[in-house]
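Let's take a look at what sits inside this protein and what sits on its surface. Here it is.

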Amino acid sequence: NDLNSEKRKFDNIGPINFTAENEAKETNKKIEKMVNNKIDVEKAILKLRETISNINKEGREKINKCFDAVNQNFIDLFTQFFDGGKAILKMVGSSDPLLSGLEVFASPPGKKMNTLSLLSGGEKTMAATALILAVFLQNPSPICVLDEVDAPLDDANVTRFCNLLDELTRITTTKFVIVTHHALTMSKMDRLYGVTMPEKGISQLVSVDLQKAESLVA
């Protein structure tokens, strides 16, 4: 009876899988590999976060350094453009320079400090040009093209604009190419280039060296 009982228990176990041990070993190897891969991924994540942190730190330092230099250039150029007044750049919206925006505050002579949007058309042009050139001076290129920048300006401001360009040509090696229809601006340039049509349908490029022309007249 005891033997029959044990046989019934054995039969109830069902068929025996003789490969189970090997399968278990293979499964354990896969689990071990997955665990090692998980550890590698976690290490990579930590390394990536560290790299991002270092990049952000270096980025903030460079932005702050560049911002301070551009801001000083802008202040200097603005006062030259307007023959006085005050202007400043401010980071707004966040204390983190990587997330903050930029606002331009300007006060032409005799006016209160306001944002750029509240200035007149000519004042906006002068302030915006000062800002563009302030950024440009951080890394001057061999050539700078300014297209119809003087269009909204009156004669007095055109003269200031040209005087500033003359100053920039002395402190940089940049050649400024000015696209303009303003006679006063043209008179301040070293060389003029234009297109004429001596015959209908035929365009011809002409140039005049103003310095040579002045010497010939003299």
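A nonpolar core is a set of buried Ala, Val, Leu, Ile, Met, Phe, Trp, Tyr and Cys residues joined through side-chain atoms within 4.5 Å. Buried means under 20% relative accessible area, exposed over 50%, and partly exposed in between (1.4 Å probe, protein chains only). Keep in mind that this is a predicted model: local features need pLDDT of at least 70, side-chain atom pairs count only at pLDDT 80 or more, and totals for chains, interfaces and linings use all residues. Residues are numbered from 1 along each chain as its sequence is written, and side-chain values use heavy atoms, with hydrogens and water left out.

The largest nonpolar core has 33 residues, and those touching the most other members are Phe-74, Leu-77, Phe-81, Leu-146, Phe-161, Leu-168 and Phe-176. At least two core residues come from each of these elements (DSSP runs, numbered from the N terminus: helices are H or I, at least four residues; strands are E, at least two):

| Element | Residues |
|---|---|
| Helix 2 | 20-82 |
| Strand 1 | 86-92 |
| Strand 2 | 101-107 |
| Helix 3 | 121-136 |
| Strand 4 | 143-147 |
| Helix 4 | 155-171 |
| Strand 5 | 175-179 |

Which residues does Leu-168 touch, not counting those up to four places away in sequence? They are Leu-77, Leu-133, Leu-137 and Phe-176, where contact means heavy atoms within 4.5 Å.

Now for Asn-71, which is in helix 2. Asn-71 counts as buried because its relative accessible area is 10%. Leaving aside neighbours within four places in sequence, Asn-71 is in contact with Ile-88 and Leu-89.

Over in strand 4 you'll find Ile-143, which counts as exposed because its relative accessibility is 52%.
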